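Visitor: I would like a close look at one part, the nonpolar interior, with its setting in the chain and with every cut-off stated as you go.

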Amino acid sequence: MGEVIAALKCTADVDSLGNEEELSKILMNETYLRGNAVCSKCQKTMTLRVKRGVLIWRCRDSKSRDCSTQSVRKGSFFEKSKLEIATILKLVVLHVKKASNKLIGEELKLSPNTVIDFRNFLRENALTFNRRNHQKIGGNMRVVQIDESAFHSRKYGRGTQRKELKWFFGGVCAETRQMFGEFVPDRSARTLLAVLVKNVELDTVVHSDDWTGYRKLGETFAKHEVVVHSKEFVSESGVHTNLIEAIWNVLKSPLKQARGTSDAMIDGYLAEGVMRYNSGDLYQEKLFDTLKLD
Ligand SMILES: [Zn+2]
């Protein structure tokens, strides 16, 4: 039988699974929470009990006294939040559906900051996911389209607001539809080449526009073909960068929403976009997987 949590389809599905205690037990079964605990004082195996509706670990000293107690969330993703388990699961489901912060706040009766903080936890997990599942794209003479793009980031300081152009760069394999994307400090040939070598196999046909920073890519990759955008969208030989440009268009609106937040958070927005694209229909399953114990 498949797992229950990763298959949640809507917030009502969460309610149908039961109360805090029942949800905690399901989370234990599916390795989101530890299935056992050892007393920190006497090293004895702890047992579960329910206290005011919440499942906790306890070490029973005598009939009237606990040696120690421990949260069942200890050491898990769920320890980051004081929200009820049901609320956390609903937040994840609504996040996957790209619900707005406003809608989630109203639906779950949470303050805007609580919703924003929680979604940032999920974006941090996307960063970790991408790092752990990093794989070069292309290879075998497949075509990889590359493109760089930018948006204006606003930085708020004390009474000042300064604009900063943030460049990001990435590529997508036209065949496997796997992509990479990251922020770059500049778009010099040297910077872009370093990112490409890290993310793209050398036996790849690279398609790009005629930006000067790409001029020497043919020396590193098997083949480099160019479409001159001032002249045409698709070259006579069929070279275009439409796939990667479409991806940037989808990704830019959440990135713009993140304006004014820290660089680390903006990284999270980009990472989430990359994880969503590469995971396709399996995004929710993979996102829940990042909430499990290591
Ligand atoms: Zn004990």
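Guide: Domain bounds here come from an automatic or database domain assignment, and for this protein the assignment gives domain 1 (11-110) and domain 2 (143-282). The centres of the two domains, taken over C-alpha atoms, are separated by 40 Å. This is a predicted model, in which local features need pLDDT of at least 70 and side-chain atom pairs count only at pLDDT 80 or more, while totals for chains, interfaces and linings use all residues. Residues are numbered from 1 along each chain as its sequence is written.

As for the overall frame, the C-alpha atoms fill a box of roughly 80 × 50 × 35 Å along the principal axes, and the protein has nine helices and eight strands (DSSP runs numbered from the N terminus, H or I of at least four residues for helices and E of at least two for strands). Of the 294 residues, 29% are buried, where buried requires 20 or more other C-beta atoms within 10 Å of the residue's own, exposed means 12 or fewer, and partly exposed lies in between, with C-beta atoms placed from the backbone.

The part you ask about is the largest nonpolar core, which has 31 residues, with Val144 and Leu270 making the most contacts inside it; such a core is a set of buried Ala, Val, Leu, Ile, Met, Phe, Trp, Tyr and Cys residues joined through C-beta atoms within 7 Å. At least two of its residues are supplied by each of helix 5 (112-132), strand 4 (143-156), strand 5 (161-173), strand 6 (179-184), helix 6 (189-199), helix 7 (242-257) and helix 8 (263-279). Helix 8 provides the largest share, six residues. Leaving aside residues up to four places away in sequence, Leu270 touches Phe168, Gly181, Glu182, Phe183, Leu251 and Leu255, a contact being two C-beta atoms, placed from the backbone, within 7 Å.

Two of the contributing helices repay a closer look. In helix 6, Leu192, Val195, Leu196 and Asn199 are buried, and because these residues fall within an arc of 100° when seen down the axis, they line one face of the helix; the arc is that of the directions from the helix axis to the C-beta atoms. The face turned away from that buried side carries the exposed residues Arg190, Ala194 and Lys198. Helix 5 holds Ile116, which counts as partly exposed because it has 15 C-beta neighbours inside 10 Å. Between helix 5 and strand 4 runs a loop that contains Asn140, a residue other than glycine whose phi is nevertheless positive, near 60°. Asn140 is exposed, because 12 other C-beta atoms lie within 10 Å.

Apart from the largest core lies another, of 29 residues, including Leu27, Cys59, Ile85 and Leu94. Elsewhere, an open sheet of three strands has the order 1-2-3 with antiparallel pairing, two strands being paired if DSSP finds at least two bridges between them. Strand 1 (47-51) and strand 3 (66-71) are its edges, each pairing on one side only. Five bridges join strand 1 to strand 2 (residues 54-60), and Leu48 has Trp57 of strand 2 as its bridge partner.
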